[in-house]
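Dear colleague,

I am passing on a structure that I would like you to look through at your own pace. Please open it first, and then read the notes below beside it.

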Amino acid sequence: MIKVSPSVLSCDLSRLSDAVREVELAGADMVHLDVMDGVFVNNITLGIPVIRSLRDKTGLTFDVHLMIVSPERYIDGFIEAGADILTVHIEACEDVRAALLKIRELGCRAGLSVKPGTPIESVYEYLELCDMILVMTVEPGFGGQALIPATLDKVKTLRAELGKRGLDIDIQVDGGISERTAPEAKRAGANVLVAGSAIFGAEDKSAIIKALKTANIE
Ligand code: DX5
Ligand code: ZN
């Protein structure tokens, strides 16, 4: 099943809880919360206190994407604040295995992400410790960028590898996902679609979420 995770990076952040409720009512499966530290990426967004104060405003799964260096330092904090899926970048961890184990030990689903330039094979040794692999389809840092087509080859390669190993792990794509690019991403093997500008730029949120879910695979 295809799941849609709206990224609030593109919403009016002064009305964050309204925006989250709006996409919840519109049929979103989860909400994607982008955490940036100004070091791992050239932007600063939101952190633990914002996520904590949002927690009782929605029943949606919190899909937290950490774009911060040494994310190990904050795993407890983000899980206590309400993360249901916590994704760390392979390029940012001091000890990838320890980070993933800790996330799971604390009862959270573990995600591992790769930037466009990082080979997908680098996640293979950690697959058994992951609930989701996030293949970045743009350079992390900003919403509204165009999807980099070569990143979908990585999705394809990963889906084939998961099949070979008999692993049922979610593959999330993030960056430049729209009604136009969603079919290709799904064809490549992605089943969790993050979309920021496509959803928050649309007047009718239900229609765009439905379109992303159903956009033809053929
Ligand atoms: C970018 C973030 C994305 C971003 C996607 O670094 O990880 O989640 O919000 O935005 P769009 O869908 O506009 O490309
Ligand atoms: Zn993201």
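**What was found**

On the other side of helix 8 from its buried residues, K210 and T214 are exposed. Here exposed stands for over 50% relative accessible area, buried for under 20% and partly exposed for what lies in between, with a 1.4 Å probe and protein chains only, while helices (H or I, at least four residues) and strands (E, at least two) are DSSP runs numbered from the N terminus.

Please keep in mind that this is a predicted model, in which local features need pLDDT of at least 70 and side-chain atom pairs count only at pLDDT 80 or more, whereas totals for chains, interfaces and linings use all residues. Residues are numbered from 1 along each chain as its sequence is written, chains are lettered from A and ligands numbered from 1 in the order in which they are written, and side-chain values use heavy atoms, with hydrogens and water left out.

To return to helix 8, its buried residues are K205, I208, I209, A211 and L212. These residues cover an arc (taken from the directions from the helix axis to the C-beta atoms) of only 160 degrees, which puts them on the same side of helix 8. They pack against strand 1, helix 1, helix 6 (182-188), strand 8 and helix 7, where contact means heavy atoms within 4.5 Å.

Helix 1 (residues 16-25) can be read in a similar way, for its buried residues are L16, A19, V20 and V23. They lie on the same side of helix 1 because their arc around the axis is only 100 degrees. Their packing partners are strand 1 (3-6), strand 2 (30-36), helix 2 (48-54), helix 7 (197-200) and helix 8 (205-214). Just after helix 1 comes G27, with a positive phi of about 105 degrees.

The next thing to look for is the zinc ion (ligand 2), whose protein donors (N, O and S atoms within 2.8 Å of the metal, or 3.2 Å for Na, K and Ca) are H32 (NE2), D34 (OD), H65 (ND1) and D174 (OD), lying 2.1 to 2.3 Å from the ion. Along the chain these donors follow the spacing H-x1-D-x30-H-x108-D. Two of them link distant parts of the chain, since H65 is in strand 3 (residues 61-67) and D174 is in strand 7 (residues 170-174), 109 residues apart. Both H65 and D174 are buried.

Among the donors, D34 deserves a closer look: D34 sits in strand 2 and, because its relative accessible area is 6%, is buried. Leaving aside neighbours within four places in sequence, D34 is in contact with S7, L9, T45, L46, H65, M67 and D174. Its C-alpha atom is separated by 6.3 Å from that of V64, although the two residues are 30 apart along the chain.

V194, in strand 8, counts as buried because its relative accessibility is 2%. Its contacts beyond four places in sequence include two zinc donors, H32 and D174, and also S5, D63 and I177. From I68, V194 is 126 residues away in sequence and 19 Å away in space, C-alpha to C-alpha.

Finally, please find S70 in the loop between strand 3 and helix 3 (75-81). Its phi is near 45 degrees, a positive value in a residue other than glycine, and S70 counts as buried because its relative accessibility is 13%. Most residues other than glycine have a negative phi.

With best wishes
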